[in-house]
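Me: I should like to go through the terms used for this model and ask what supports each of them. Please set each value against its criterion.

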Amino acid sequence: MIKTIIKFFFLVVVTSSSSFLLFSPQPKSFYHSLYISTALSDNVSVSQHLQILTRRPHVAGSEANAEAAAYVLSVFTSCNIKAHIASYGVSLTYPVSRSLSLTRPFPDPPITFSLRQEIYAGDPFADVAGQVIPTFHGYAKSGSVTGPVVYVNYGRVEDYVTLKEMGVNVSGSIVLARYGEIYRGDIVHNAFDAGAIGALIYTDRKDYGGGSGDARWFPDDRWMPPSGVQVGSVYYSIGDPSTPGWASTEGCERLSNEEVEKTGNVPLIPSLPISAQDGHTILRSIKGQVANQDWQGDKDAPIYRIGPGPAVVNLSYKGEYVISTIQNVIGVIVGVEEPDRYVILGNHRDAWTFGAVDPNSGTAALLEVAQRLEKMQKRGWSPRRTILLCNWDAEEYGLIGSTEWVEENREMLASRVVAYLNIDSAVHGAEFHASATPQLDELLKQATQQVRDPDNSSQTIYESWIGSTNSPVIGRLGGKGSDYAPFVQHIGIPAVDMSFGKGFPVYHSMYDDFVWMEKFGDPLFQRHVAVASVWGLVALRLADEEFLPFNYLSYACELQESAKDLEDKVSSRGITLNPLLKSIEELTKVATKINNEKKAINKAKGWASIWKKDHPKVREVNDRLMMAERAFTDPDGLIGRTWYKHLIYGPSKHNNYGSKSFPGIEDAIEEAKNLNTTESWLTVQHEVWRVSRAVRHVSLVLNGELT
Ligand SMILES: [Zn+2]
């Protein structure tokens, strides 16, 4: 019913006047419904944006990516959004030469691999395929190593434990690991820790190739072709490696390449990514013990053995560090009532290859949001708070564009940003996924209840998202998977990350192109439209509502759950979690109190004051809601990785992609388990105290009274 009314009103608006501005503004909720209506959304223009953005490969620092930045800027400008480019000179690496050869026992001849991804039949991008960056790992160590090969499964810490139990010594060999479970930088790091001199990482058909006997792959099916290679960074940290902790502005202090190596943030052994077919060729010439069943490939794969050898490979890689110019495009829609409060939508633009999924499905969605906001402005809407549309550069190398910008604007952002809403790859396929800091859970649920599922119009995204359960699974933002990390983990800003689908087989290969998206990712571009609806709606509610739609009760619940998980790990060690549990209890009370305060202010205002100025307490309550998340950060940061200030969410030590609750406590537990000394367990107790103090600070901020 509501929808019909909106549509009717829209018709009146567009047919009865040549100037939309003649209409007096409607209530914000009217515009929010309009925003998600079919009247404003456009799947044709969203697909055109994607097509334009992905015409050429556009790795960070390239001319093609500067061109893509100019395109984003021009769309913002054409939408009457004030926009500028924030540039930085950052240290990126590019491949100069690489080679890989395999020596096998007689009579098999040696092989030199081509390391080339093949152009497919009918590839419309064949003419620019030569511009695709040669397969390599960003920030890989240059060098040439020769050694016997050991197969190490996914290259996780536990895989090396298994190898040790099997009596296999990795030291002095080159490991062959498969992609799929942990961050590739950690695969190289774990190999180095085990004593390996080099690392090869291949794409196994079991994880990326469909896994059936039917050998169909892109362009006939969604799966990775046999020559497809997942390129990517192996950097352990985030931000420009030559300016750790400060912004890469012109003429700034900068570490030399030698100093960068000493920071421990780049690998110390060479590595290369390789294809499924090259991985299998090497696996066929590894002998020794047969690997466990869960280490094997799909049913058509050879039997995987562990080695070492007799296969011997020579891996040579030479890369160069180049100070490259990167461009963040920043669009600003100034808020009318609270211009100094920011709601930020962010997505990166740089891609390892064409980037149709990663990340430009998100960029196309960002441009769709910009266009819908323009249409609303023409109909009389303007935001209460400022909305920023940010298009980051050099995310793929290590969240560099966003991190430099956060480092440069740290104080302003920390005192003004209400929330950061990230989308990296907007569409990988069907099914909605989201992560958030918990005070935004409720808002996320409400927004998805208002948008139709693009794959099942009989229900909302929310209904599909929960499936047969009572509540959706909302991930947390402790990992370093995308640009939300500097916002959450460095300065404590509430954030959201979302996408349709989770993971796609041609990830970071040259097959992540417009054809793949059109055939398999989102043929009708309705998922792009839907993600722009949820993204924009969440932003609009944060930008327009009088009270920030934050609920810290969800945070308290979430902390309680995480504390319960911790209990089992420490209870037998004489560690008490009482201070933490007490601080969470206090947070529950204060979160309830501030929710009631909002209700009381609304009641006190009454109907008569609805069009008048804000109640004097509104801004003060909002500031408390906004600043509470900051109090989860500690200026000292996590032990040994002090750039990470957030004590509740941080990256797992052995998998950058993994999110950990209480990362400082978890780190300390791991250390104590290894050392098993009284002192090391006391450090665990100290970390528990530190987190409880942070939680107490949050309660004090929410409470808003000095002690
Ligand atoms: Zn990405």
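Me: In this predicted model, Val-621 lies in helix α21 (residues 616–628). What makes Val-621 count as buried?

Reply: The relative accessible area of Val-621 is 0%. Buried means under 20%, so Val-621 is buried.

Me: Which residues does Val-621 touch, leaving aside those up to four places away in sequence?

Reply: Contact requires heavy atoms within 4.5 Å. On that criterion Val-621 touches Phe-547, Ile-594, Glu-597, Lys-598 and Ile-601. In addition, the C-alpha atoms of Val-621 and Asn-595 are separated by 9.8 Å, with their positions 26 residues apart along the chain.

Me: Why is Gln-296 said to be buried?

Reply: Gln-296 has a relative accessibility of 8%. The cut-off for buried is under 20%, and Gln-296 therefore counts as buried. Its place is in the loop between α9 (276–284) and β9 (312–333). Beyond residues up to four places away in sequence, the contacts of Gln-296 include Arg-178, Lys-206 and Tyr-304.

Me: How do you know which protein atoms are donors of the zinc ion?

Reply: A donor must be an N, O or S atom within 2.8 Å of zinc. His-348 (NE2), Asp-358 (OD) and Asp-424, the last through two OD atoms, lie 2.0 to 2.7 Å from the ion. Along the chain, these donors follow the spacing H-x9-D-x65-D. His-348 is in strand β10 (residues 338–348), while Asp-358 is in the loop between β10 and α10 (360–378), 10 residues apart.

Me: Why is the arrangement around the zinc ion called irregular?

Reply: The 4 donor atoms subtend angles of 52 to 140°. A tetrahedral site needs all angles between 85 and 135 degrees, and a square planar one needs opposite donors over 155 degrees apart. The angles of 52 to 140° satisfy neither requirement, so the arrangement is irregular.

Me: Are His-348 and Asp-358 buried or exposed?

Reply: The relative accessible area is 0% for His-348 and 5% for Asp-358. Since buried means under 20%, His-348 is buried, and Asp-358 is buried also.

Me: What describes the crossing of α12 and α16?

Reply: The crossing is right-handed. The axes of α12 (residues 400–408) and α16 (residues 484–491) come within 8 Å and cross at roughly 35°. Ser-402, Thr-403, Trp-405 and Val-406 in α12 meet Pro-486, Phe-487, His-490 and Ile-491 in α16. By class, this contact has 5 nonpolar, 3 polar and no charged residues.

How values were computed. Residues are numbered from 1 along each chain as its sequence is written. This is a predicted model: local features need pLDDT of at least 70, side-chain atom pairs count only at pLDDT 80 or more; totals for chains, interfaces and linings use all residues. Side-chain values use heavy atoms; hydrogens and water are left out. Donors are N, O and S atoms within 2.8 Å of the metal (3.2 Å for Na, K and Ca); water is not among the atoms, so sites may look incomplete. Four donors count as tetrahedral if all angles lie between 85 and 135 degrees; four count as square planar and six as octahedral if opposite donors are over 155 degrees apart and all others between 65 and 115; anything else is irregular. Helices (H or I, at least four residues) and strands (E, at least two) are DSSP runs, numbered from the N terminus. Buried means under 20% relative accessible area, exposed over 50%, partly exposed in between (1.4 Å probe, protein chains only). Axes are lines fitted to C-alpha atoms, for helices over the stretch in contact, and angles run from 0 to 180 degrees between N-to-C directions. A crossing is left-handed if the near helix is turned anticlockwise from the far one by less than a right angle, and right-handed if clockwise. Ala, Val, Leu, Ile, Met, Phe, Trp, Tyr, Cys and Pro count as nonpolar, Asp, Glu, Lys and Arg as charged, and the others, Gly among them, as polar.
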